[in-house]
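Colleague: Please take one part of this model and go through it closely, from its own shape to what lies around it. I am new to this, so explain each term once.

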Amino acid sequence: MLKILGRPTSINVRKVLWVLDEAGIAYDHEPQWATPGASTKTPEYLALNPNALVPVIIEDDFVLWESNTICRYLAARAGREDLLPSGLRERAEVEKWMDWASTDINNAYRDAFMALIRKDPTYDDAGRVAASAKRWNAAMGILDSLLEKREHVAGETFTLADIVMALSTHRWRSTPIEHAALPAVDRWMARLAQRPECAAYCAPEYP
Ligand SMILES: N[C@@H](CCC(=O)N[C@@H](CS)C(=O)NCC(=O)O)C(=O)O
């Protein structure tokens, strides 16, 4: 049985759990990894992922890290072309938003999120938090403009891009910063909230 390692408070772990559920793939979840009880810095874990990060999936002798790659692998493994289209341009459109979330958006929010949610004292700097909140709102504004023109992130149907961006949007909403008004994002999130996986992985206990 496929195994996924990683604490569910990680947005990167939750995106993989959501894809597994969405694709109907059976799995064992080991949620203790990257908590004080199960370090990712042991030689055994580093042999799985030399970055000492979660998530990791293990299937027989196949080990994979890097959450977006895992999501794409799982969608392809399940033959779910609705989640990850095979058409070159359609697929690139999905991948673009996934990669944008992991690069630009994550970099924008890091200072605000680490200070205000994780309460990490090394991020306790009001100027950096304010700058981060501003960049985060600007990035979310790009998503809002997009969703004024289409029903879903990569087009008119639900794909991996919606999963990744919904989790990211949930994090933005959960972080106590001043939030820009994003009506198209609100309408899209309200539609996604009908999905049980969205309700489970965008729950209040997972900011
Ligand atoms: N690019 C990686 C990033 C993974 C990542 O940053 N994971 C974080 C949790 S979101 C982690 O493992 N942090 C170390 C820790 O919590 O000990 C991916 O998308 O899988």
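**A close look at helix α1**

Modeller: The buried residues of α1 are covered by, among others, β1 (2-5), β2 (27-30), β3 (56-59), α3 (67-77), α6 (160-174) and α8 (196-201). Covering is a matter of contact: two residues are in contact if their C-beta atoms, placed from the backbone, lie within 7 Å. The names come from DSSP runs, with helices (H or I, at least four residues) and strands (E, at least two) numbered from the N terminus. This is a predicted model, in which local features need pLDDT of at least 70 and side-chain atom pairs count only at pLDDT 80 or more, while totals for chains, interfaces and linings use all residues. Residues are numbered from 1 along each chain as its sequence is written.

Start with the helix itself. α1 covers residues 11-23, which makes 13 residues, and spans 18 Å from first C-alpha to last, close to the 18 Å expected. The expected span is 1.5 Å times one less than the number of residues. Just past the end of α1, Gly-24 has a positive phi of about 65 degrees.

Next, burial. A residue is buried if 20 or more other C-beta atoms lie within 10 Å of its own, exposed if 12 or fewer, and partly exposed in between. By that count 11 of the 13 residues of α1 are buried. They run from Ile-11 through Leu-20 without a gap, and Glu-22 is buried as well. An α-helix has 3.6 residues a turn, so residues three or four places apart point the same way.

One covering element is the sheet. It is open, with four strands in the order β2-β1-β3-β4 and mixed pairing; two strands pair if DSSP finds at least two bridges between them. β2 and β4 (62-65) are the edge strands with a single partner each, so one side of each has no neighbour in the sheet. On average, neighbouring strands are turned by 20 degrees against each other, direction ignored. α1 packs on this sheet by touching β1, β2 and β3, and its direction makes about 155 degrees with that of β1. Such angles run from 0 to 180 degrees between N-to-C directions, with axes fitted as lines to C-alpha atoms, for helices over the stretch in contact. At the other end of the strand order, β3 and β4 run antiparallel and are joined by four bridges, and one bridge pairs Val-56 with Trp-65 in β4.

A single residue shows the link between sheet and helix. His-29 sits in β2, and apart from neighbours within four places in sequence it is in contact with Ile-4 and Leu-17. Leu-17 is one of the buried residues of α1. His-29 has 17 C-beta neighbours inside 10 Å, so it counts as partly exposed. Its C-alpha atom is 15 Å from that of Trp-65, 36 residues apart along the chain.

Another cover is α6. It has 15 residues and reaches 21 Å from first C-alpha to last, close to the 21 Å expected. Of these residues 12 are buried, so α6 is largely enclosed by the rest of the structure. The buried residues of α6 pack against α1, and also against α3, α4 (88-116), α5 (126-147), α7 (183-192) and α8.

Finally, α1 takes part in the surroundings of the ligand. α1 and α3 each supply at least two residues of the shell around it; the shell includes Ile-11, Asn-12, Ser-67 and Asn-68. A residue belongs to the shell if its C-beta atom, placed from the backbone, lies within 6 Å of the ligand. The shell divides into five nonpolar, six polar and one charged residue. Here Ala, Val, Leu, Ile, Met, Phe, Trp, Tyr, Cys and Pro count as nonpolar, Asp, Glu, Lys and Arg as charged, and the others, Gly among them, as polar.

Ala-34, Val-54 and Pro-55 are also in the shell. Ala-34 lies in the loop between β2 and α2 (43-48) and has a positive phi of about 75 degrees although it is not a glycine. It has 21 C-beta neighbours inside 10 Å, so it counts as buried. The peptide bond from Val-54 to Pro-55 is cis, with omega near 10 degrees, and Pro-55 lies in the loop between α2 and β3.
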